[in-house]
Amino acid sequence: MSLELKGVSKQVDGETHIYPTDLKLETGSFNMLLGTTGSGKTTLMQIMAGLEPVSSGQIFFNGADVTGVPVQKRNVSMVYQQFINYPNFTVFENIASPLRVAKVPEAEIKRRVDEMAELMKLGPMLQRRPSELSGGQQQRTAMARALVKDSSLVLLDEPLANLDFKLREELRDELPKLIAKRNCVVVYATTEPIEALLFAGHTATLHQGRVTQFGPTSDIYRTPKDLISAKVFSEPPINTAKVVKEGNVIKLGSDIKWEAKGNLSNMKDGQYTFGIRPHHVTAQELGEQAIKVEGSVQITEISGSESVVHFNMHGNSWVSQSHGVQYHDVGSVAHLFADVSQGLYFDDKDQLVSL
Amino acid sequence: MAKTENQKAWFFVLPVLILVAFNAIIPLMTVVNYSVQETFGNNDFFWAGVVWFEEILHSSRFHDSLMRQLTFTFTILAIEIPLGVIIALAMPRKGPWVPVCLILMSLPLLIPWNVVGAMWNIFALPDIGMLGRMLNEMGFDYNFTRQVGDAWFTLILMDVWHWTSLVVLLAYAGLVSIPDAYYQAAKIDGANSLSIFRYIQLPKMKRVLTIAVLLRFMDSFNIYTEPFVLTGGGPGNSTTLLSIDLVKIALGQFDLGPAAAMSLIYFLVILLLSWVFYTLMMRNEEQ
């Protein structure tokens, strides 16, 4: 199965919410929509579902044009960030509700709800009402309701955002298993790059109503097409600085320089924006081409397994992410190493320089 | 070491204590005081025990007023609650018309009660009032000052006009607090507007509707000004509700004892019925 958007856009009151977008989403893996709050993830999902009409463009499902088809006829399920359940139905009735609408026989309903409840670990809760459940159980009920019918399109709109850390981890593990056996297109919206990486599949990065890049998740992470895609897909945010290439030397400010090795030497001389992910700026000397960087420390966050240091790097605010506990006093000068071989170079139009 | 006692805390409670004493405890105790005594004027009081309570509870006049009161209250509840919900459902949820609708809805609530009574009195007069004259022109024999049915019709119409807005505003507040995602989820399930109402809107409105029912119940059970100005309890005693009857006994006949006893019974009836309402409506919540 496949869902294809062709030139889909959305304007509301003269304001553009989604710029013309082309996307082709396939069965078999997660299709992640990654972007900050307000980047248009939810709007795009509502368009995919048929909840919102498009302003222009067409939507195809398995090659058939479904642009104007109402949501009820599209066989769609959706899970929301808020826990949406029927408040006065029991968990059983909640999960059974889409099957009841579809007039599935009673015995079949019982079998499928029990099976789903088993998967979602809701077995003992079936006779309770949503208000008597914890947040995690409520969201599991909502997911069970979305997955119990054989939808051809499953939309998950930040389903784990309102859950506590432990539950989120648990459901992150379970979700791919639940989806794996299904013949449906799965779209998952999230603000967190880590979720996109975790579920792998394909990722579309969104920024202010535009899909900036779409492709297999790891490709997008490794080679973002432009600076915006790189920024969307990096947490903590990617470090940037202006650099100048002269011959086979790259200079950052007056004092930091490194050799332009390999393909880099083919890059034209001139000014570039250099980007490096925080975990390549470390307290230990790691990587093939670690160079010394230093700057005054603004904030440190130590979680035990890693230490995050925000420091001033030639007027840019940089973040370093190192293993273990690394103490740095605020205001002191941190001496760190940047593995510039992992850096990305963007031209004056913020496009990635292909090497 | 001896524990230091600090009596200063009492000073912080004192203002509230004084306030509550003046607006609730002292007036109530005055009423209790009257209800167990007999007076023949001159400020001479004699102990009467529970005589007045027995008298009131056995008086057919009280029974009749109570029945009229119950009829009135349950009639307006049966009209105002569903009507309020229907109007709230019909109101726009976003856009430029929202403030317009809200202001229009609030207007009746802003009018002083005696003005409402006077307005409707004139409005319904059969010879010169717009409503009364119109009904008569249309061939109905309408005269709320002479015919019991007409008096009740006007009384209930007035209360519905005055107070449905309150139910509308409360129900509307309940409706707009439902996240859009619920409606979308229902749409995906293929639910029609009737099932959306039954399974999403009604359960989500339950709390505000409970408050609406309680407020309308208590207010309508206490109602005095509007019917007093409109019909003065007539024709005959046909629209003499509990509060009007109470004032007649207390100020018309100056029977302070029976009036005080009746006030307390009146108070207990409201308390009891409010409790019954609340318990019934919140029963599911606790299960």
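Chain B of this predicted model exposes an accessible surface of about 16300 Å². Carbon and sulfur atoms account for 70% of that area. Of the 287 residues in the chain, 41% are buried.

The charged side chains come next. Chain B carries 20 negative and 16 positive ones, and 13 Å separates the centres of the two sets.

The overall dimensions can be read in two ways. Chain B has a radius of gyration of 24 Å, whereas a compact globule of 287 residues would have one near 19 Å. Measured out along the principal axes, the C-alpha trace covers about 85 × 75 × 35 Å.

As for secondary structure, chain B contains two strands and 12 helices. Starting at the N terminus, the order is one helix, then the two strands, then the remaining helices: α-β-β-α-α-α-α-α-α-α-α-α-α-α. Contacts in chain B between residues at least 6 apart in sequence can be split by separation, and 68% of them join residues at least 24 apart.

A single residue gives a local view. Thr210(B) sits in helix α9, which runs over residues 193-222 of chain B. Its relative accessibility is 2%, so Thr210(B) counts as buried, the cut-off for that class being under 20%. Leaving aside residues up to four places away in sequence, Thr210(B) touches Tyr278(B), Met281(B) and Met282(B). Thus a residue of helix α9 is in contact with residues numbered 278, 281 and 282 in chain B.

Methods: Residues numbered from 1 in each chain as written. Chains lettered and ligands numbered in written order. Predicted model: local features only at pLDDT ≥ 70, side-chain atom pairs only at ≥ 80, totals over all residues. Heavy atoms only, no water. Helix = DSSP H or I, 4+ residues; strand = E, 2+ residues; numbered from the N terminus. Rg over C-alpha atoms; globule rule 2.2 N^0.38 Å. Buried < 20%, exposed > 50% of the residue type's maximum accessible area, 1.4 Å probe, protein only. Contact = heavy atoms within 4.5 Å. Areas by Shrake-Rupley, 256 points an atom, 1.4 Å probe, with all protein chains shown as cover. Lys, Arg positive; Asp, Glu negative; His and termini not counted. Charge placed at Lys NZ, Arg CZ, Asp CG, Glu CD.
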